[in-house]
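I open this notebook to keep track of what I looked up in the structure, one topic at a time. The model with its sequence comes first, and my entries follow.

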Amino acid sequence: MTTHEQHSVVLEEELQQARQEPPPFYRVLLLNDDFTPMDFVVHLLQTFFCMTEERAMQVMLKVHTEGSAVCGVFPYDIAATKVEQVIAWARRHQHPLACVMEEDRE
């Protein structure tokens, strides 16, 4: 086998592996603080994560009791955008609510 043929085989194998692996997803989390009102968090979850009021209440209570909760799992660009939107909206309403993203390893 010539060097050119060897490179072609290696490139084809790398392309096939790249096609088989899905892109990574990221979890968007809200972090608890002692200042942001609970009703603000519920409204935020409904607005930015399209949650029902009941689901938003459950997530808000988890943030309140456990310190953080997952709001959703998204591709990188969407997760980053949601984090920016949540933080900007919270700051606009003068709340210190923290929102972060981390790679979903599941």
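**Sheet**

I began with the strand pairs, and found that β1 and β3 run antiparallel and are joined by 6 bridges. What I looked at is a predicted model, in which local features need pLDDT of at least 70 and side-chain atom pairs count only at pLDDT 80 or more, while totals for chains, interfaces and linings use all residues. Residues are numbered from 1 along each chain as its sequence is written, and side-chain values use heavy atoms, with hydrogens and water left out.

For my own record, helices (H or I, at least four residues) and strands (E, at least two) are DSSP runs, numbered from the N terminus, and two strands pair if DSSP finds at least two bridges between them. Within the pair of β1 and β3, I noted valine 28 opposite methionine 101, the latter in β3. Turning to the other neighbour, I found that β1 (residues 25–31) pairs with β2 in the antiparallel sense over 7 bridges, and that leucine 29 stands opposite valine 70 in β2.

The open sheet therefore has to be written down as a whole: what is the order of its 3 strands? I read the order as β2-β1-β3, with antiparallel pairing. The edge strands, each pairing on one side only, are β2 (68–75) and β3 (98–103). Neighbouring strands are turned by 25 degrees against each other on average, direction ignored.

**Helices**

I next looked up how the helices lie on the sheet, with contact taken as heavy atoms within 4.5 Å. Axes are lines fitted to C-alpha atoms, for helices over the stretch in contact, and angles run from 0 to 180 degrees between N-to-C directions. Helix α2 lies across β1 and β2 and runs at about 160 degrees to β1. Helix α3 also packs on the sheet, where it touches β1 and β2, and its direction makes about 125 degrees with that of β2.

Between α2 (residues 38–49) and α3 (residues 53–66), I found that the axes come within 9 Å and cross at roughly 130 degrees. The two helices are therefore oblique to each other, given that angles under 35 degrees count as roughly parallel, over 145 as roughly antiparallel, 65 to 115 as roughly perpendicular and the rest as oblique. From α2, Met38, Val41, Val42, Leu45 and Gln46 meet Glu53, Ala56, Met57, Val59, Met60 and His64 in α3.

**Loops**

I then went through the loops, where buried means under 20% relative accessible area, exposed over 50%, and partly exposed in between (1.4 Å probe, protein chains only). Proline 37 is found in the loop between β1 and α2, and with a relative accessible area of 29% it is partly exposed. Its C-alpha lies 8.4 Å from that of histidine 95, although proline 37 and histidine 95 are 58 residues apart in sequence.

Most residues other than glycine have a negative phi. I therefore noted the phi of cysteine 50, a positive value near 50 degrees in a residue other than glycine. Cysteine 50 is in the loop between α2 and α3, and is exposed, with a relative accessible area of 69%.
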